[in-house]
Amino acid sequence: MKALICQQYGLPDTLFLTEIPAPVVSKGRILIQVKSCGVNFPDTLIIQGKYQFKPELPFSPGGEVAGIVLEVGEGVENLKKGDKVFALTGWGGFAEIVEADAFKTVLMPEGMDFVTAASVMYTFGTSYHALKNRAQLKPNETLLVLGAGGGVGLAAVVLGKIMGANVIAAASTDEKLAVCKLAGANECINYATENLRERIHEITQGRGIDVVYDPVGGDFTEPAFRSIAWKGRYLVVGFAAGNIPQLPLNLALLKGASIVGVFWGAFAAKEVSESLTNFKEILDFIQKGLIKPHIHAQYSLENAHLALTEMMERKIIGKAVVVL
Ligand SMILES: NC(=O)c1ccc[n+]([C@@H]2O[C@H](COP(=O)([O-])OP(=O)(O)OC[C@H]3O[C@@H](n4cnc5c(N)ncnc54)[C@H](OP(=O)(O)O)[C@@H]3O)[C@@H](O)[C@H]2O)c1
């Protein structure tokens with residue numbers, strides 16, 4: 001089968017397309033003929049050996065696939081050959097065939113296309129867990145989303161609106177903010193050209209932010225935390241900017257505020273039934289037409305490395321998808 005391979009850790013342009021043997025299905029697992037693979041920030045880290053999981057070299061990146069079941073392993077009862085599914089694989093999705101755990105695989109609802117199916121689990125799963133379970137976001141609260149044009153950021157904007165919040169989207173370009181506005185953001189802040197704290201003060205008339213969703217880290221974390229309202233919740237989602245910011249803890253004391261960690265993968269493994277409930281609710285939002293993932297571009301397997309390069313260059317708005 002064809003696969004885009006990481007032979008040694010490096011940047012996306014070190015990946016190469018080659019023929020490798022197809023995986024052999026093992027107990028409790030299935031083989032999926034990949035139709036599409038969502039691109040996520042961890043894909044850029046895993047190929048550099050900088051992610052929390054380090055698959056044995058050589059491997060293909062690509063952690064979120066949609067496709068057709070080719071074979072089921074011993075003990076798999078809920079899936080059969082020919083089923084259309086989406087699955088979280090961690091890696092291996094930039095290939096014609098991938099092996100997946102049956103318990104991390106879900107049947108695609110009737111009428112859903114493969115590109116949509118490979119675009120929702122990871123970003124909407126993370127952001128829904130963050131806003132619903134961790135922040136307990138309530139209607140009419142103010143939600144600030146940093147990196148709002150990115151994968152999890154744009155999902156947080158959409159879900160924040162569904163949950164009835166007043167959403168302020170913050171991102172580095174007007175192009176990203178235009179997409180956030182279309183996704184329902186009430187207000188937008190371009191943090192590359194505007195002063196984040198001043199604009200938050202102006203928009204909230206000095207009241208501050210109830211919930212901050214931060215998948216970026218870096219220089220905007222402290223100003224965002226300083227803009228939090230009384231009893232605000234600051235969601236620590238990720239560090240796409242690269243560095244892990246430090247915060248003076250007196251700021252939390254002064255606002256009665258909480259710093260809340262978000263680790264969706266651990267939540268999905270430790271709180272299986274809550275995670276499944278979330279997932280059913282997300283599928284319900286999709287079927288009601290409340291969620292339509294924004295697809296930045298589709299890439300062939302040959303060009304999948306470009307999706308990773310563009311993600312590292314902050315060029316992707318919403319979701320990039322590799323289509324086979
Ligand atoms: N905690 C969890 O469970 C969980 C789950 C999923 C993802 N994450 C994390 O969330 C973060 C975002 O993931 P994603 O898939 O949404 O990524 P993404 O689509 O690339 O979005 C990240 C955003 O961060 C901003 N950014 C600022 N500096 C950046 C830099 N140096 N390189 C890249 N982006 C930069 C960009 O927005 P601007 O250009 O507008 O600043 C970009 O849109 C990652 O750190 C990921 O590991 C965490």
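Two strands count as paired if DSSP finds at least two bridges between them. Keep that in mind for these close-ups, which come from a predicted model.

**View 1. Strands β12 and β13 side by side.** Here you can follow β12, residues 228-236, as it pairs with β13 in the parallel sense. The pair is joined over 4 bridges. Look for Arg233: it stands opposite Ser258 in β13.

**View 2. An open sheet of 6 strands.** Zooming out a little, read the strands across in the order β10-β9-β8-β11-β12-β13; their pairing is parallel. At the edges sit β10 (187-190) and β13 (258-261), each with pairing on one side only. From one strand to the next, the twist averages 20°.

**View 3. Two helices on the sheet.** Helix α3, made of residues 151-162, lies across β8 (142-146), β9 (166-171) and β11 (209-214). Compare directions and you'll get about 165° between α3 and β8. Helix α5 (residues 196-203) packs on the sheet too, touching β8, β9, β10 and β11. The direction of α5 makes about 165° with that of β10.

**View 4. Around the ligand.** Which residues come nearest to the ligand? Out of the 29 around it, they are Phe41, Gly150, Gly151, Ala171 and Gly238. Elements giving two or more residues to this shell are α1 (41-46), α3, α8 (264-270) and α10 (304-312). Helix α3, the one from View 3, gives the largest share, 3 residues.

**View 5. What the shell is made of.** Sorted by class, the shell around the ligand has 16 nonpolar, 11 polar and 2 charged residues. Domain 1 (2-108 + 294-323) and domain 2 (123-265) each supply at least three residues to that shell.

Terms used
Residues are numbered from 1 along each chain as its sequence is written. This is a predicted model: local features need pLDDT of at least 70, side-chain atom pairs count only at pLDDT 80 or more; totals for chains, interfaces and linings use all residues. Axes are lines fitted to C-alpha atoms, for helices over the stretch in contact, and angles run from 0 to 180 degrees between N-to-C directions. Two residues are in contact if their C-beta atoms, placed from the backbone, lie within 7 Å. A residue is near a molecule or strand if its C-beta atom, placed from the backbone, lies within 6 Å of it. Ala, Val, Leu, Ile, Met, Phe, Trp, Tyr, Cys and Pro count as nonpolar, Asp, Glu, Lys and Arg as charged, and the others, Gly among them, as polar. Domain bounds come from an automatic or database domain assignment.
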